[in-house]
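Work through the exercises below with the sequence and the model open. Each task is followed by a solution in steps.

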Amino acid sequence: MEKPSKTIVVALAGNPNSGKSSLFNAIAGTHLKVGNWPGVTIEKYEGQVDYKGYKIKLVDLPGTYSINAYSPEETITRDFIAEKKADVILNVVDGTNLERNLYLSAQLLEFDAKMVIALNMYDEVEKKKIKIDFKMLQKLLGCQVVPVSAVKKMGIEAMLDQIVRTYENKITIPRDKISYSQEVEAAISEIQNLIETDIRSFKKFSSRWLAIKLLENDVFAQAYVKQSPAWVKLEKRLPEIMKALENKLEEKISQRLSVDRHAFARGAYKETVEKANEEKKTITDYIDSVLLNRILGLPVFFFIMWLIFQATFTLGKIPTGWTQDFFVFLGDKISVLLPAGVLRSVVVDGIIAGVGGVLGFMPNILILFLGLSFLESTGYMARAAFVVDRAFHKIGLHGKSFIPMVTGFGCSVPAFMACRALKNRGDRLATMMVIPFMSCGAKLPVYVLLISAFFPASMAGNILFAVYLFGILVAVLSAKLFKSTIFKGNSEPFVMELPVYRAPTLRSILMQMWLKAWMYLKRAGTIILTISLIVWVICNYPVSGQLNQQYEVKIETVKQNINLTAEIKKQEVAVFKNELASKQLEYSFAGRTGKMIEPLIKPLGFDWRLGVALTAGFAAKEVVVATMGTIYALDGADKKNESLAQRLRSDPAYNPAIALALIVFVLLYVPCLSATSVFHQEAGELKITLFYIFYSMTAAWVLSFIVYRVSKLFL
Amino acid sequence: MQKKQLKMSELKPGDKAVIIAVSAQGEVAQRLVDMGLIKGTQFKVLRKAPLGDPLEIQLRGFLLALRMKEAECVSVERKEVLNGKTK
């Protein structure tokens with residue numbers, strides 16, 4: 001006998017909100033790997049756990065209600081299971097919502113693969129006094145059903161046991177196949193017979209599954225069957241069978257199959273579940289009667305959003321202060337340790353000023369991500385889509401656009417990817433075009449820096465909120481413009497589950513927050529570090545020997561001047577050194593680039609130094625602050641112990657009006673390189689990407705100009 | 001007596017009804033069917049969104065939001081409750 005391989009690949013499949021991810025985390029703990037599905041940019045989570053000598057490899061399939069391959073989520077699930085990439089399917093079902101969840105189980109069972117059902121949220125099932133006849137359910141479904149609670153970490157071991165036993169074929173429950181209506185069954189067996197004329201090539205899939213999928217016009221099954229010798233007969237008979245069946249049913253075959261599956265799910269549910277007092281008002285009813293109230297719904301929505309941004313600024317300010325102090329301290333210490341020269345300059349002015357400038361804002365970003373994760377895991381995010389759909393529909397978008405747009409507050413990259421949930425191309429492109437106006441986490445440091453430099457602390461939270469609102473306003477107007485011009489056409493239907501409210505576990509929220517924050521950190525460590533170094537190089541080279549000589553002479557003259565006291569000498573020398581640093585910066589590549597684009601941005605009140613920062617910002621928005629950090633570190637050699645905000649405030653070249661214009665410009669202009677490349681990848685057409693770049697640059701320039709000119713009158 | 005057929009979109013919050021037919025086409029039809037909106041399904045209208053659209057209904061033990069436009073594709077029969085009895 002062949003020795004069994006010790007690795008078991010387990011695919012987790014289930015409805016959205018079935019607690020699939022929490023179960024995944026409960027099993028795999030923190031040992032997870034995040035990636036993308038090949039070819040598609042939907043997040044892929046993989047984890048591993050050792051159990052009784054087996055390596056259980058978990059793959060979290062995207063949550064889906066059905067497997068009809070309408071959406072990429074469904075296609076991924078279908079391909080993964082159909083191609084037998086998993087040894088065992090772990091179907092996660094919400095025990096409190098069994099009937100709806102069993103509809104997907106019915107489809108999964110058709111694959112004829114080894115399967116275990118994890119009946120999740122069993123703690124809630126017990127609390128609600130729902131009685132489930134497991135024996136009967138197992139008999140009806142033909143696979144093991146294990147009660148688990150991901151949140152309470154209950155039943156996990158028993159579930160792993162069943163997975164191993166199922167894998168080792170130690171469990172054989174006779175399968176009562178889901179039977180369809182008589183007419184359908186007749187058609188299925190006829191097609192099955194035709195398929196089985198060529199047994200060898202169909203070892204891979206069950207013939208019944210292929211037959212069912214062919215009846216559903218599934219492209220994957222069709223493509224597979226076409227390669228087989230059985231196709232000779234099928235090609236002729238299949239359309240005939242389908243036509244005859246459709247005439248008999250008087251409805252579309254796929255529709256009838258779905259109806260039959262629902263009947264199966266309902267039957268299984270009715271036979272096995274006993275529910276106590278169904279009419280009782282649930283907690284969700286009470287919460288929704290406030291949160292979705294006709295009058296309170298919208299104010300509450302705005303209040304929740306406002307609260308998150310207030311928290312981001314107010315709470316984030318304290319630890320942000322510490323981290324910034326830490327980097328100033330670190331810079332000072334290293335300055336002492338390293339000898340003056342190129343190395344010290346690279347480390348202190350390049351790396352610490354650049355990366356530190358970005359990491360300093362980590363607390364703000366963590367709080368923002370924490371808030372978004374909280375809304376997601378409680379179930380409010382879907383409600384928010386429900387509340388705003390009408391308004392979104394009016395401007396030509398979709399309630400579902402809301403989720404990518406809110407994600408956009410974190411980072412545009414996952415937000416662009418989240419747009420895949422929108423199946424209508426016009427909806428999707430219009431949403432993608434406006435996402436970058438939803439100010440991303442990377443832009444936050446720029447606002448925080450400028451606001452704290454130029455405005456009183458009491459106004460800071462409100463200004464920040466206004467910046468975000470302004471971005472939303474621009475997004476809304478742009479969406480309206482796009483949908484009534486270039487992306488005309490029908491919108492996607494809005495059919496969406498509103499999950500019941502659940503108190504999320506701290507662990508799961510922190511986990512989600514951390515996954516998002518980790519992306520940000522990784523960027524800080526790689527892209528931003530690289531760019532900081534490049535910025536340092538272009539700020540320091542080429543060096544003008546002539547300038548150096550000129551100032552050496554000047555400084556020497558001061559030093560030789562016997563009429564001056566030592567104190568005055570020191571001051572004069574410092575002034576000259578500063579002037580030299582400034583002039584050298586102007587002479588450098590960065591200075592030249594900045595000077596070159598200065599005429600373009602002069603009307604906005606920006607000087608060449610901001611030109612350098614904004615140009616670097618094409619690479620990544622955090623770099624705007626990092627670049628300013630580097631420029632000012634080089635520029636103000638005598639002010640090493642001042643923070644960047646203090647230096648900006650004391651610089652006569654800047655004022656609140658410029659700060660506002662700069663905020664608006666950073667808010668609106670082209671997102672970072674990685675976001676733009678993902679945009680291009682998702683949009684799929686160069687024309688659209690180029691149009692997008694042109695549009696955002698124009699919007700940024702025009703609106704900054706207006707903001708600058710108007711606020712100059714008042715500030 | 002033949003009961004009057006209505007569209008789901010014509011129901012008021014609090015109404016209970018049974019689905020008679022779904023007349024949507026293509027993807028919309030599949031989506032509605034996948035979410036359990038099929039002939040014979042009982043449901044209750046919970047509320048409309050603060051802006052009047054979409055609609056929230058309760059069926060098969062879960063909550064579903066759908067736009068008025070989609071609700072127009074669903075013909076229903078209202079279950080009138082008189083003296084606590086379903087007529």
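**Exercise 1. The two chains**

What percentage of the 715 residues in chain A is buried? Find the corresponding value for chain B, and list the helices and strands of both chains.

Solution. The model is predicted: local features need pLDDT of at least 70 and side-chain atom pairs count only at pLDDT 80 or more, while totals for chains, interfaces and linings use all residues. Residues are numbered from 1 along each chain as its sequence is written, and chains are lettered from A and ligands numbered from 1 in the order in which they are written.

Step 1. A residue is buried if 20 or more other C-beta atoms, placed from the backbone, lie within 10 Å of its own. By this count, 46% of the 715 residues in chain A are buried. In chain B, buried residues make up 45% of 87.

Step 2. Helices (H or I, at least four residues) and strands (E, at least two) are DSSP runs, numbered from the N terminus. Chain A has 32 helices and 10 strands. Chain B has 2 helices and 8 strands, and its elements follow the order β-β-α-β-β-β-α-β-β-β from the N terminus.

**Exercise 2. Layout of chain A**

Give the domains of chain A and the box filled by its C-alpha atoms.

Solution. Step 1. An automatic or database assignment sets the domain bounds. Chain A is divided into domain 1 (7-167), domain 2 (182-274) and domain 3 (297-484).

Step 2. The C-alpha centres of domain 1 and domain 3 of chain A are 34 Å apart. Along the principal axes, the C-alpha atoms of chain A fill a box of roughly 110 × 60 × 55 Å.

Step 3. Two residues are in contact if their C-beta atoms, placed from the backbone, lie within 7 Å. Of the contacts in chain A between residues at least 6 apart in sequence, 75% join residues at least 24 apart. For chain B, residues 24 or more positions apart account for 55% of the contacts with a separation of 6 or more.

**Exercise 3. The contact between the chains**

How many residues does each chain bring to the contact?

Solution. Step 1. Chain A gives 28 residues and chain B gives 28 residues.

Step 2. On the side of chain A that touches chain B, the elements that each supply at least two residues include helix 3 (98-109), helix 13 (297-337) and strand 10.

Step 3. That side of chain A has 14 nonpolar, 8 polar and 6 charged residues. Here Ala, Val, Leu, Ile, Met, Phe, Trp, Tyr, Cys and Pro count as nonpolar, Asp, Glu, Lys and Arg as charged, and the others, Gly among them, as polar.

**Exercise 4. The sheet**

Trace the open sheet of 7 strands and name its edge strands.

Solution. Step 1. Two strands pair if DSSP finds at least two bridges between them. The strand order is 10(A)-5(B)-4(B)-3(B)-2(B)-6(B)-1(B), with antiparallel pairing. The edges are strand 10 (495-497) of chain A and strand 1 (5-7) of chain B, each pairing on one side only. From one strand to the next, the twist averages 40 degrees, with axes taken as lines fitted to C-alpha atoms and angles running from 0 to 180 degrees between N-to-C directions.

Step 2. Strand 10 of chain A pairs with strand 5 (residues 62-66) of chain B over 3 bridges, and Val495(A) stands opposite Leu66(B).

Step 3. Within chain B, strand 2 pairs with strand 6 over 5 bridges, with Val18(B) opposite Glu77(B). Strand 2 (residues 16-22) also pairs with strand 3 (residues 42-48) over 3 bridges, where Ala17(B) faces Phe43(B).

Notes. Buried ≥ 20, exposed ≤ 12 C-beta atoms within 10 Å, placed from the backbone.
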